[in-house]
Every structure is written in C-alpha cells, then in structure tokens.
Amino acid sequence: MPELPEVETARRLIADEALHRRIADVDDSDTFVCRPHSPGELRAALTGRTLTAARRRGKAMWCETSDDGPDLGIHLGMGGRIVVTSPDGQVAWGGEPFRRDAQPPKAEWDRFTLRFADGGGLALFDKRRLGRVRLNPGIDALGPDAAEVTPAQFRDLITRGAVAVKARLLDQSRIAGVGNLLADEILWQARVSPAARTDSLRRQDADRLYRALESALRSAIGRGGVHTGDVIAARRPGGTCPRCGAEMRHGTVGGRSTWWCSREQVAADGQRPAGS
Ligand SMILES: [Zn+2]
C-alpha cells in the first residue's frame with residue numbers, strides 16, 4: 001500500500017514531467033474513482049488548463065492548475081501509480097512499485113487520464129480501483145506531514161495521551177504519511193515496542209523515534225518504497241531480527257498486523273501487542 005515515500009515518488013514524477021503541459025482532454029468516465037463528480041465534470045474543469053504545481057501532505061496529493069483553476073486531488077488508494085507519457089511516447093511511473101504484479105498491465109486499469117496537447121498524458125493506473133480523483137480535496141483533517149514535522153511537534157504528538165505508540169504513528173490526523181510497514185520499520189529502528197503507551201515514552205525514546213522516522217523516510221524515498229526497509233523482509237513467521245538475530249514476534253496493534261524484535265522492542269511499561 002502506498003505510504004508517504006511512494007506518494008512522494010509519484011509527486012516528484014508529476015513535478016518533473018507533467019507540469020505546464022496543456023490539457024487537451026480528460027477521461028473521467030470512471031464514476032467510482034471520480035466520485036462524487038459526474039462524468040464530464042472533471043473534463044470541463046481541467047481542459048485547456050495546465051498543472052502548475054504538485055503538492056503532497058502525508059498520502060494525500062494534489063496538483064494546482066493554471067488560471068485559478070481548481071486543485072486536482074489524486075489519491076493512490078491501495079496500489080495506484082501515476083504514469084506520465086512524454087510527447088514522444090516515453091513512459092515514466094511513480095507510486096506503488098511493480099514488484100507484486102505478475103500480469104501485464106491492462107488499459108482499463110487506467111482509471112483517470114489527462115491527455116496533453118503535446119501528445120503525451122498522465123494516468124492514474126490502479127488495478128485495484130481504490131484510488132480516487134477529486135477536485136479541491138480536503139486536507140484539513142490531516143496532521144503535519146511526516147517528512148516536515150519538527151522535532152518539537154513530533155515529541156508532543158508522540159507522547160500525548162495513552163494509546164499504543166504504533167497506533168499514534170498510524171493516526172493520520174496526528175501525523176500524516178506513516179502506514180503499517182513504515183511504522184514497524186521506525187519502531188524497530190528506534191528499539192521501541194509497538195505496544196508501548198505514548199505516555200510511557202521518555203524524551204530520549206521520542207527523540208530516537210524522530211531520528212528513525214527521518215532516516216526511514218529518506219531511505220525509503222531513495223530506494224523506491226517502504227518495502228525496502230531494513231526489517232521488512234523479517235516480518236514473517238520464522239523471521240529473525242536483522243540487528244540482533246532474535247526471533248521476530250507477531251501481533252496486532254491499532255488493528256494492524258505488527259512485527260517486532262522479541263529482544264530489543266520490549267515495552268518498559270509491560271504493554272504487549274494483542275495476540276502475542
Ligand atoms: Zn533485535
């Protein structure tokens with residue numbers, strides 16, 4: 001599932017390849033992906049304009065458009081990608097990696113398409129059809145972006161209240177962009193139990209988590225996605241910690257499947273994930 005790093009690669013692709021190209025036509029006929037808009041509404045709003053900037057907060061992405069046009073929100077859903085075609089037909093993509101696909105892509109998996117006057121285009125490629133395209137998407141409910149949160153903001157949001165720290169990392173209204181894999185990676189790097197309660201974290205725990213967040217994001221963006229994290233391959237039955245060799249444990253935190261090192265990620269307050 002795309003997390004901040006995957007969405008950031010999609011945003012950078014749009015920023016590098018799709019801005020300032022005149023939109024000649026729009027295929028917005030997928031009424032599920034384009035809900036609540038009716039067919040032709042996005043076309044009418046966007047045709048003749050250009051994309052002028054690509055923005056992101058957490059997993060939410062949107063493009064500004066020329067002549068005071070509406071923002072074009074594109075959410076990658078559970079496995080979407082942005083595909084940009086150049087005027088001479090070169091194809092570039094950003095978003096969820098192709099590693100899970102055995103089948104060749106089908107044309108109908110392009111759920112929304114901008115056709116540029118130069119002959120190229122931009123498509124939301126989304127096999128699972130859980131992405132979404134909408135004008136002027138609301139982002140007010142999202143917390144600060146995980147890549148831009150300051151150490152002081154982070155310390156405050158990660159220690160307040162009394163919930164499992166992993167649940168807090170996943171709470172998009174507190175910090176936007178961290179999904180399930182990134183949360184496990186950050187907690188493992190910082191040697192913090194996913195079940196530790198936020199009010200049990202000491203200042204040094206919060207600071208270690210902040211440094212882990214920064215390094216995990218930087219690494220995942222550089223390597224092409226959250227699946228490249230150092231502990232991700234060990235998230236399986238029989239997996240061992242890549243750092244200390246101890247057995248990896250599995251349970252549920254915040255309703256999500258969670259893996260952690262049985263030796264290094266033990267909560268000082270004795271909290272343990274459900275099912276462990
Ligand atoms: Zn370990």
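1. Helices and strands are here taken as DSSP runs, a helix having at least four residues and a strand at least two, and they are numbered from the N terminus. With that naming, Asp-30 can be placed in the loop between β1 (23-27) and α2 (41-46). The reader should keep in mind throughout that this is a predicted model.

2. As for the protein overall, its secondary structure comes to 6 helices and 11 strands. The C-alpha trace spans about 60 × 40 × 30 Å along its principal axes. A compact globule of 276 residues would have a radius of gyration near 19 Å, and the 20 Å found for the protein agrees with this. Half of the chain is covered, in the sense that 50% of the 276 residues count as buried.

3. Two further totals describe the protein as a whole. Among contacts between residues at least 6 apart in sequence, 63% join residues at least 24 apart. The accessible surface comes to about 12,300 Å², and 47% of that area belongs to carbon and sulfur atoms.

4. Helix α6 (residues 203-223) has 21 residues, which at 1.5 Å a residue should span 30 Å, and the distance of 30 Å between its end C-alpha atoms agrees with that expectation. Its buried residues are Asp-205, Ala-206, Leu-209, Tyr-210, Ala-212, Leu-213, Ala-216, Leu-217, Ala-220 and Ile-221. Seen down the axis of α6, these buried residues fall within an arc of 165 degrees, and so they line one face of the helix. An α-helix has 3.6 residues a turn, so residues three or four places apart point the same way.

5. The surroundings of α6 complete this picture. The cover over its buried residues includes α1 (4-17), α3 (151-159), α4 (165-170) and α5 (180-190), while the face turned away from the buried side carries the exposed residues Arg-203, Arg-218 and Gly-222. Just after α6, Gly-224 takes a positive phi of about 105 degrees.

6. Helix α1, which is among the elements covering α6, has 14 residues and reaches 20 Å from its first C-alpha to its last, close to the 20 Å expected at 1.5 Å a residue. The buried residues of α1 are Leu-4, Pro-5, Glu-6, Val-7, Glu-8, Ala-10, Arg-11, Leu-13 and Ile-14, a list that holds the charged side chains of Glu-8 and Arg-11 as well as residues such as Leu-4 and Ile-14.

7. Glu-8, found in helix α1, is buried, with a relative accessible area of 6% where the cut-off for buried is under 20%. Its side chain makes a polar contact of 3.0 Å with the side chain of Arg-11. Leaving aside neighbours within four places in sequence, Glu-8 is in contact with Arg-56 and with Ile-221, the latter being one of the buried residues of α6. Glu-8 and Arg-236, by comparison, are 228 residues apart in sequence and 27 Å apart in space, C-alpha to C-alpha.

8. Asp-30, the loop residue placed at the start of this note, counts as buried at 11% relative accessibility. Its side chain reaches the backbone nitrogen of Phe-32 at 3.0 Å, and the backbone nitrogen of Val-33 likewise lies 3.0 Å from a polar atom of that side chain. Not counting residues up to four places away in sequence, Asp-30 touches Arg-111 and Arg-129. The loop between β1 and α2 also holds Pro-36, which is joined to Arg-35 by a cis peptide bond with omega of about 5 degrees.

9. Thr-258 lies in strand β11 (residues 256-261) and counts as buried at 0% relative accessibility. The side chain of Thr-258 makes a polar contact of 2.8 Å with the side chain of Lys-166. Its contacts beyond four places in sequence include Lys-166, Asp-184, Pro-194 and Arg-249, and also His-250, Gly-251, Thr-252 and Val-253.

10. Two residues deserve a look for their backbone angles. His-20, in the loop between α1 and β1, has a positive phi of about 60 degrees although it is not a glycine, and at 58% relative accessibility it counts as exposed. Asp-67, in the loop between β3 (60-65) and β4 (72-75), has phi near 55 degrees, again a positive value in a residue other than glycine, and Asp-67 counts as exposed at 64% relative accessibility.

Notes: Residues numbered from 1 in each chain as written. Predicted model: local features only at pLDDT ≥ 70, side-chain atom pairs only at ≥ 80, totals over all residues. Heavy atoms only, no water. Expected span 1.5 Å × (residues − 1). Buried < 20%, exposed > 50% of the residue type's maximum accessible area, 1.4 Å probe, protein only. Arc of directions from axis to C-beta. Contact = heavy atoms within 4.5 Å. Polar contact = N/O pair within 3.5 Å; in protein donor to acceptor, adjacent residues only side chain to side chain. Rg over C-alpha atoms; globule rule 2.2 N^0.38 Å. Areas by Shrake-Rupley, 256 points an atom, 1.4 Å probe, with all protein chains shown as cover.
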